[in-house]
Amino acid sequence: MNADHTATAVLTVDGRSHRYLPLDRLLTRDELDALPYAIRVLLENVARRSPAALADVVARIRTGSGACEVPVHPNRIMLHDTTCLPALADFAAMRDSVAELGGAPERLQPAIPVDLTVDHSVIVEEYGRPDAVERNLLIDFRRNGERYEMVKWAERSVADFRVVPPGTGIIHQVNMEALARVVWVTDAADGGLPVLHPDVLVATDSHTPMINALGVVGWGVGGLEGQAAMVGEPVTIPYPEVVGVRLRGRLRPGVGATDLALTLTELLRAKGVVNTFVEFCGPGVAALGWAERAAVSNMAPEYGATCVYFPYDDETAAYLRLSGRTEDHIRLVDAYLTAQGLKRTEHRREPRYDHVIDLDLGGVEPSMAGPNLPHQRLPLSRVPESYRAAAPATARGRAADERAAAERAFGERLPDGPVALAAITSCTHTANPALMVQAGLLAERAARAGLTAKPWVKTSLSPGSRVVEEYLRASGLLPALEQTGFHIVGFGCMTCIGNSGPLHPAMEQLAETDAVQPVAVLSGNRNFAGRVNPRTPLSYLASPPLVVAYALAGSILHDFAHDPLGTGPDGHPVHLKDLWPTDEEVAARIAAHVGPEMFRRNAERLREGTDAWRRLDAPAGTRFPWNPASTYIRRPPHLTGLSPAAPDRPALTRAKVLLHLGDDVTTDHISPAGRIPADSPAGRWLTGRGVPRRDLNQYSTRRSNHEVMLRGAFTNPAVDNLMVPDRPGPGGHAYTADRTRVLPVHQAASTYREAGYDLVVVAGRNYGAGSSRDWAAKAQALLGVKAVVAESYERIHRSNLIGMGVLPLEFPEGDRASAYTFTGEEQLTFEGIDELSVGTNPVTWHITGKDGDRTTARLRLRIFSQQELTYLRHGGILPYVVRNALPGLQR
């Protein structure tokens, strides 16, 4: 990546000189001090990389209002495997398209460094045994070897493409511990002094803002937008509204990062911060350690913020030192950020924010969240009643006999509200030594009291870094966790993303017959219905020590304040308060056993991988050799038969409604990530091609095969098409074009394509909430959906829809999707989409019933940048990238 020649000042640290672009030459010192820190970073990026846009951005800063595009050029991009593999398939197909259109495919290369972390594929198949890590990795490589070979192909043929192999860690924890530099050094294009600038990144995961805790500006993008950034396109956003969260006081003893993160998730979701930047200020910031900050920033998508920023300060520097960064680099970071006014100190004035929300840290209390949304915060005392209110009645009769048989297998009575899954998982919390040591100390005391997890609980510990295993082992806490059931099962996302594997066989049977309503308790960041496991529609987010406590209790209805967890060797009852360690005990164990050398050793072996990884071979060559018999990797249909020039204008003719959905439809509802059931359309397609039932794997691992993903679209049991009141089975169903049948969505959609109809999805609020997966948009586009009409969208899904050429239309304020009734027989036409511009485009929607009655609705189509307009005109990002790689052709 070439640095711009606008870097004019010189900074010398430890005898080494660098150039940089001084912010105080763009704004006065008073103007700069009033500007939120995160916006200062964006300003530097625009001035250095997109100087043509600088005047507009400065004018917007000075006026404090108005629309303005901010073209951001990240200096790196990160991906995980379930977004990277489809991205690599797209990249390989784009090279094919370039070659087929007469271009040079070898010239299609990344313009910035690309880091892939393979963390989303390993599943908790084996647990409760010392060799669970190795056994789960063996299964992972057996199932995913073909996918990993494509990754190896990319290492050979894609420039600046680097891999953190399976079994190493989770993308965001790897980023914090090893990859993030806070300040980046770029070689100058003119051969002069190297250029200093803030580390700015995007990544194809919605929890990317975890890195904001280190003063690094970064956010999650969809895979499509990520691919555009990879080849040098700017990530263009509207000038962001910035909400300041002013903290005061400090957390009380016994209150930790999980409690704070869940409290802020509830508060900020209620206040409404979707698509904003959130920045923390006030005296309470200094009272928060780096780990508390990381948990809060990690959960940004759970309250909808784009960026959740903690400015760099002395606490950040302390973390860089703890995590093994060199002293030379830390001094360079500190000197540069101080010179630029990007270091927060207690004496600096508070920036001016668009809105300010106050929070007294002393008011935060021990919390969980559930039973199916991460902003449903609960004090521990209210967890049982929340379960009783949400759990449906269990079946009787034959199921009672099965329950009795299961109890014989378990060796004890099965309580109501059984905890079927207890998982210490997720970078949100396993990056935090305090929470992990707290869980270990609780387990140590439980083991001494003779307590262990109940036999029906599937327990797992999946840290986001090998460093966690090292300090748990060094501190003597790992054996205690294993004694209580928590063996390490892998180093990846695992249960947090739904890779929880099957429950105990007896619990699987009980759940299938509705004899019980099992529950999951996990230290993750999301608990949407069915996400964690299809057998546990009710799930609760909790801190790691509480996960251990619920495994010991065995029931979500356990009253920790009054009921003992068991009886100790002395015959006395053992309560949770007897096991809970003090903050001082936790701090002492961390001080003795967590140090920089652990992080340095881990960073040195970050890209080595296991023997199985090193043995993998891969094809070579610029163009990928597609295997037409593959059940994992197929050439994407949206990148075949492209024309060299863009269509004249977006087309939407002869349209009908395919689905009419309610509020809070997530990307999990649209495109599942969990295991592929053998009796599902995708499962039948795979077994029909010789895939053993045990290796059907997860939907997330087969995202490079459109045949599987289209058959999985809208199959989540929670999908309810309001046009089909009597659906014949779980999951989304729709009428066929001739209204003679009701079929699963992917089958019904094909009848409309054959009849020459475009399709429309109608939905309520927060359409596309959740993960950043681009397949939620790809699936709709490949089903034939040309537009979605919703009350509101989550940011990344809206971007992904545009990335696939799908129009994200919106109802105006005061109008609701529920105000309209559709049968599927209506003819739809849209006026105003043929001449679009940046800004808010009015669109008129005509709905004509089968009797000729006509309803007209006013909609809007907001286009945030010229770039989005260009993508829509080309039918999506990827066709644009292909055409942009064809020199001399009109694009």
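**View 1. Helix α2 (residues 37–49) lies across β12 (242–248), β13 and β14 in this predicted model (contact: heavy atoms within 4.5 Å).** Helix α2 runs at about 125° to β13 (angle from 0 to 180 degrees between N-to-C directions of axes fitted to C-alpha atoms, for helices over the stretch in contact). Helices (H or I, at least four residues) and strands (E, at least two) are DSSP runs numbered from the N terminus. Residues are numbered from 1 along each chain. Local features need pLDDT of at least 70, side-chain atom pairs pLDDT 80 or more, while totals for chains, interfaces and linings use all residues, and side-chain values use heavy atoms, without hydrogens and water.

**View 2. Strands β14, β13, β12 and β15, in that order, make an open, parallel sheet.** β14 (307–309) and β15 (355–360) are its edge strands, each pairing on one side only (pairing: at least two DSSP bridges). From one strand to the next, the twist averages 20°. β13 (residues 277–281) is joined to β14 by three bridges, and Phe277 has Cys307 as its bridge partner in β14.

**View 3. Helix α8 (residues 257–271) lies across β12, β13 and β15.** Its direction is at about 145° to β15.

**View 4. The largest cavity has a volume of about 240 Å³.** A cavity is a set of points on a 1 Å grid where a 1.4 Å probe fits but cannot get out; lining residues have an atom within 4 Å of a point. Points join across faces, edges and corners, and the volume is that filled by probe spheres set on them. Of its 24 lining residues, His120, Asp205, Ile497, Arg531 and Ser771 lie nearest the centre. Helices α4 (81–100) and α6 (171–179) each give two or more residues to this lining.

Notes: 1 Å grid on protein atoms, 1.4 Å probe; cavity = no way out; pocket = protein on both sides within 12 Å on 5 of 7 lines; lining within 4 Å.
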